[in-house]
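Biologist: Please take me through this model, and for each label say what earns it.

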Amino acid sequence: VILQNVLNAKYERILAPMAALVLVQEQARNVTGKYMTMETVFHELSHSLGPGTITLGGRETTVDKELKELASGFEEAKADVMGAYNILFMMDKGVLPASERSQIRATYLVGIFRAMRFGATEAHGQGAAMQYRYLRDKGALVWDADAKRFRIDEAKIDGAIRDLVGAIVRLQGDGDYAGTKAMLDRFGVLDAEAEQVIGTMTHIP
């Protein structure tokens, strides 16, 4: 059960103030309560999508069993990015207004920073750090040294989201523990700019 009043409070007290610290001014205003709710709903829906029971070498097993202690953080990352992907998909299909694409992009990315505050050793936090670093490496998120904020590359972000969903789901479907660990080890750490931005959020609940 997703309670709208709780999400509204989280938006007003947490996500909205974070937006101005994470993104350049003209993009920070695209972070909305509507798309915080949509991302939360689609995050939960996305847990039911993708591989679950899989067959490896003729034996039936599950993603959780094969990915062991990595499964939880990886699944949370999948639900985050697949949630954004599915919203963009609904916009492509005309179910949601395509004119609001910038809102889901900005809201999703600031939401990653909200989760990264849990720390890269916690499941949601490590999964969020992996998303951040992957998207940054793809050029979808660019550091503006003058503003000390990030800028979303609107031309690259949707493709990067798609690619990240594909990378995660393939590793899950293959039950690839070594590949999953390699991806988390490579991307699931905070860099200096992320640490700097998170350091400006100590006053936010």
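**Labels and their grounds**

Modeller: Strands E1 and E2 (residues 59–62) run antiparallel and are joined by four bridges. This is a predicted model, in which local features need pLDDT of at least 70 and side-chain atom pairs count only at pLDDT 80 or more, while totals for chains, interfaces and linings use all residues. Residues are numbered from 1 along each chain as its sequence is written, and side-chain values use heavy atoms, with hydrogens and water left out.

Biologist: What makes E1 and E2 a pair of strands?

Modeller: Strands (E, at least two residues) and helices (H or I, at least four) are DSSP runs, numbered from the N terminus. Two strands pair if DSSP finds at least two bridges between them; E1 and E2 have four. The bridge partner of Thr-53 in E2 is Thr-62. Two residues lie between the strands of this hairpin, where Gly-57 takes a positive phi near 55°.

Biologist: Which side chains of E1 are buried, and which are not?

Modeller: Buried means under 20% relative accessible area, exposed over 50%, and partly exposed in between (1.4 Å probe, protein chains only). In E1 (residues 53–56), Ile-54 and Leu-56 are buried and point to one face, whereas Thr-53 and Thr-55 point to the other and are not buried. In a regular strand the side chains alternate between the two faces of the sheet.

Biologist: Why is Gln-4 called partly exposed?

Modeller: Its relative accessible area is 39%, so Gln-4 falls in the range between the two cut-offs. Gln-4 belongs to helix H1 (residues 4–22).

Biologist: How do you know that the span of helix H6 agrees with its number of residues?

Modeller: The expected span is 1.5 Å times one less than the number of residues. For the 16 residues of H6 (residues 101–116) that gives 22 Å, and the end C-alpha atoms are 23 Å apart, so the two agree. H6 is also largely enclosed by the rest of the structure, because 13 of its 16 residues are buried.

Biologist: Why is the pair of Tyr-132 and Phe-150 called edge-to-face?

Modeller: Rings of Phe, Tyr and Trp (its six-membered ring) pair if their centres lie within 6.5 Å; planes under 30 degrees apart count as stacked, over 60 as edge-to-face and the rest as tilted. By this rule there are five aromatic pairs. The rings of Tyr-132 and Phe-150 have centres 5.6 Å apart and planes at 80°, so this pair is edge-to-face. It links distant parts of the chain, with Tyr-132 in helix H7 and Phe-150 in strand E4, 18 residues apart. Tyr-132 counts as buried because its relative accessibility is 1%, and Phe-150 counts as buried at 0%.

Biologist: What makes the rings of Trp-143 and Phe-150 an edge-to-face pair?

Modeller: Their centres are 4.8 Å apart and their planes stand at 65°, so the pair is edge-to-face. Both residues are buried. Phe-113, Tyr-132, Trp-143 and Phe-150 form one aromatic cluster.

Biologist: How many bridges join E3 to E4?

Modeller: Four bridges join E3 (residues 141–144) to E4, and the two run antiparallel. Asp-144 stands opposite Arg-149 in E4. The hairpin of E3 and E4 has four residues between the strands, and Lys-148 in the turn has a positive phi of about 55°.

Biologist: Where in the chain is confidence lowest, and where highest?

Modeller: pLDDT is the predictor's confidence in each residue, from 0 to 100. Confidence is lowest in H7 (residues 123–137), at a mean of 90, and highest in E4 (residues 149–152), at 98. The chain averages 94, and 99% of the residues score at least 70.
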